[in-house]
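Subject: Structure for you to look at

Dear colleague,

Here is the structure I promised to pass on, with the sequence alongside it. Please open it next to this message, since my notes below are meant to be read with the model in view.

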Amino acid sequence: MAHQQRSQGHLSQSGDTEDMAMTLAPRLAYFAGVARTEHVTRAAREMNVPQSTLSRAMVRLEQDLGVELFARRGRTVALTPAGRTFLTSVERALAEIERAAEEVRADADPTTGKVAFGFLHTMGTETVPGLIRAFRADHPRVRFALVQNYGEAMIERMRAGELDLCLTSPVPDAPDLVARRLDEQKLRLVVPADHRLATRRRVRLAEAADESFVTLEPGYGLRRITDALCAEAGFRPKVAFEGEEAETLRGLVAAGLGVALLPPPAVPRPGVAELTVTAPRAVREIGVAWMAGGVDTPPVAAFKKFLLSRKGNLLN
C-alpha cells in the first residue's frame with residue numbers, strides 16, 4: 001500500500017534539524033512499540049501507557065512527518081513502506097541511545113566506573129603510576145582514561161568535558177575552575193657534564209645568565225616558570241631550542257646545546273649534571289584542578305578525595 005503525503009501540519013523539510021529531532025524524539029519509542037506489535041492496545045499495555053496517549057502520539061508523529069506510517073485495519077495496524085523505512089532508522093537510533101545509556105551508567109558505577117584523568121608529561125613515569133597503584137588498593141576495579149599533556153591543553157579538555165580532573169602546574173586560577181595545591185617540586189639547573197658549572201653542587205641562577213637555554217614551548221607551565229625565575233634572577237633567558245617534553249630537553253643539554261631548568265628525572269641521565277638552585281627559590285607547585293559546579297560520579301569523587309589526601313606527599 002503506497003503511502004500518502006499529508007498536506008498540512010507537518011514539519012518543513014527546510015526546518016531546523018535540531019527542532020525536528022526535539023519534536024520527534026519523545027515519540028520514537030512509542031512508534032517502535034506499535035510497529036513491533038502491530039496492535040495499539042497491545043503496545044499500550046506492554047509500554048504501560050494509556051491507549052489514547054499512544055494513539056494520539058502516532059497521529060501526531062504522522063502529522064509532523066507529513067507521511068502515513070501505518071495502514072489501519074480495525075484494531076490492528078501495519079507498516080506502510082514509509083513506516084518500514086522509518087522503523088529501520090528508529091530502531092538503530094534507539095539501540096544507540098541504549099548503548100550510550102549503558103556506557104554512562106557503567107562509567108558512573110562506584111565499583112567499576114571510569115575516571116578521565118589528565119597529568120603533566122613529567123609526572124607520567126613514576127608519580128601517576130604510583131598514585132593509581134595506591135588508589136586501586138582500595139578500588140581495584142575502577143578504570144582510568146589517562147591523558148598526558150601540558151597544563152593549558154588539559155584545562156581546555158576539562159572545559160570541553162573530556163577530563164574529570166587533572167594534575168597540573170602552575171596551579172590554575174580561573175573562575176570556572178576549582179584548584180587545590182598538593183605539593184611542590186624542586187627544579188634543578190641541568191648543564192652538560194663538561195660544563196664549567198658541572199663540578200658544582202649548588203648554583204645561583206644568575207650565574208647562568210649568559211648561557212643558552214633549552215626550554216619547553218610557550219604555553220607550557222614549566223616555560224612560564226622558567227621565564228619568571230630568570231626574570232627574578234635579573235636576566236631574560238637566551239632560548240636556543242624549544243621542545244614539548246622534559247626528557248627531550250635533558251637530551252639536548254647532554255648534547256651540549258644549552259642548559260635547562262627541569263624537575264628531577266625518574267632515572268639519572270648520563271651526560272648531564274643537575275645542580276641545586278639556591279637563588280631564587282626554584283620550585284614549581286603541583287595542584288589538582290576540576291570544573292567548578294560539576295557533579296562527580298562516585299569513582300571520580302573517590303579519586304579526587306584520594307588525591308587531596310596526598311597533599312604534601314604527592315611526589316613521594
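Strand 3 is mostly covered, five of its six residues being buried, and please keep in mind here and throughout that the model is a predicted one. Strand 3 runs parallel to strand 4, and the two are joined by six bridges. If you would like to find this pairing on the screen, Ala 116 has Ala 145 in strand 4 as its bridge partner, and Lys 114 is partnered in strand 4 by Arg 143. Between these two strands the chain passes through helix 5, giving a β-α-β crossover from strand 3 to strand 4 that is right-handed. Strand 3 also pairs with strand 5, again in the parallel sense, over two bridges, and there Gly 118 stands opposite Cys 166 of strand 5.

These pairings belong to an open sheet of five strands, in the order 4-3-5-13-6 and with mixed pairing. Which strands form the edges of the sheet? They are strand 4 and strand 6 (residues 177-186), each of which pairs on one side only. From one strand to the next, the twist averages 20°. Helix 9 packs on this sheet and touches strand 3, strand 4, strand 5, strand 6 and strand 13 (residues 283-291), with its direction at about 40° to that of strand 3. As general background, the strands of a sheet pair through backbone hydrogen bonds, in either a parallel or an antiparallel arrangement.

Helix 5, which spans residues 127-136, deserves a separate look, and its buried residues are Thr 127, Val 128, Gly 130, Leu 131, Ile 132 and Phe 135. What do these buried residues pack against? Their neighbours are strand 3 (114-119), strand 4 (143-148), strand 5 (165-168) and helix 9 (298-309). It may help to recall that an α-helix has 3.6 residues a turn, so residues three or four places apart point the same way. The axes of helix 5 and helix 9 come within 11 Å and cross at roughly 115°, and helix 5 passes helix 9 in a right-handed crossing. At this crossing, Leu 131, Ala 134 and Phe 135 of helix 5 meet Pro 299, Ala 302, Phe 303, Phe 306 and Leu 307 of helix 9.

A further helix pair is formed by helix 2 (residues 40-47) and helix 3 (residues 51-65), whose axes come within 9 Å and cross at roughly 115°. The two helices are therefore roughly perpendicular to each other, and helix 2 passes helix 3 in a right-handed crossing. On the helix 2 side the contact is made by Val 40, Thr 41, Ala 43, Ala 44 and Met 47, and on the helix 3 side by Gln 51, Leu 54 and Ser 55.

Some details of the backbone should also be checked by eye. Glu 38, in the loop between helix 1 (17-37) and helix 2, has a phi near 55°, a positive value in a residue other than glycine. Is Glu 38 buried or partly exposed? Its relative accessible area is 40%, and because buried would require a value under 20% and exposed one over 50%, Glu 38 counts as partly exposed. Leaving aside residues up to four places away in sequence, Glu 38 touches Thr 76, Val 77 and Ala 78. The C-alpha atoms of Glu 38 and Gly 124, which are 86 residues apart along the chain, are separated by 58 Å.

Asn 48, in the loop between helix 2 and helix 3, likewise has a positive phi, near 60°, in a residue other than glycine. Asn 48 is exposed, with a relative accessible area of 71%.

Finally, there are cis peptide bonds to look at. A cis bond joins Ser 169 and Pro 170, with omega about -5°, and Pro 170 lies in the loop between strand 5 and strand 6. A cis bond also joins Ala 279 and Pro 280, with omega about -10°, and Pro 280 has its place in the loop between strand 12 (272-279) and strand 13.

With best wishes

Definitions and conventions. Residues are numbered from 1 along each chain as its sequence is written. This is a predicted model: local features need pLDDT of at least 70, side-chain atom pairs count only at pLDDT 80 or more; totals for chains, interfaces and linings use all residues. Side-chain values use heavy atoms; hydrogens and water are left out. Buried means under 20% relative accessible area, exposed over 50%, partly exposed in between (1.4 Å probe, protein chains only). Helices (H or I, at least four residues) and strands (E, at least two) are DSSP runs, numbered from the N terminus. Contact means heavy atoms within 4.5 Å. Two strands pair if DSSP finds at least two bridges between them. A crossover is right-handed if, with the strands pointing away from the viewer, the path from the first strand over the helix to the second runs clockwise. Axes are lines fitted to C-alpha atoms, for helices over the stretch in contact, and angles run from 0 to 180 degrees between N-to-C directions. Angles under 35 degrees count as roughly parallel, over 145 as roughly antiparallel, 65 to 115 as roughly perpendicular and the rest as oblique. A crossing is left-handed if the near helix is turned anticlockwise from the far one by less than a right angle, and right-handed if clockwise.
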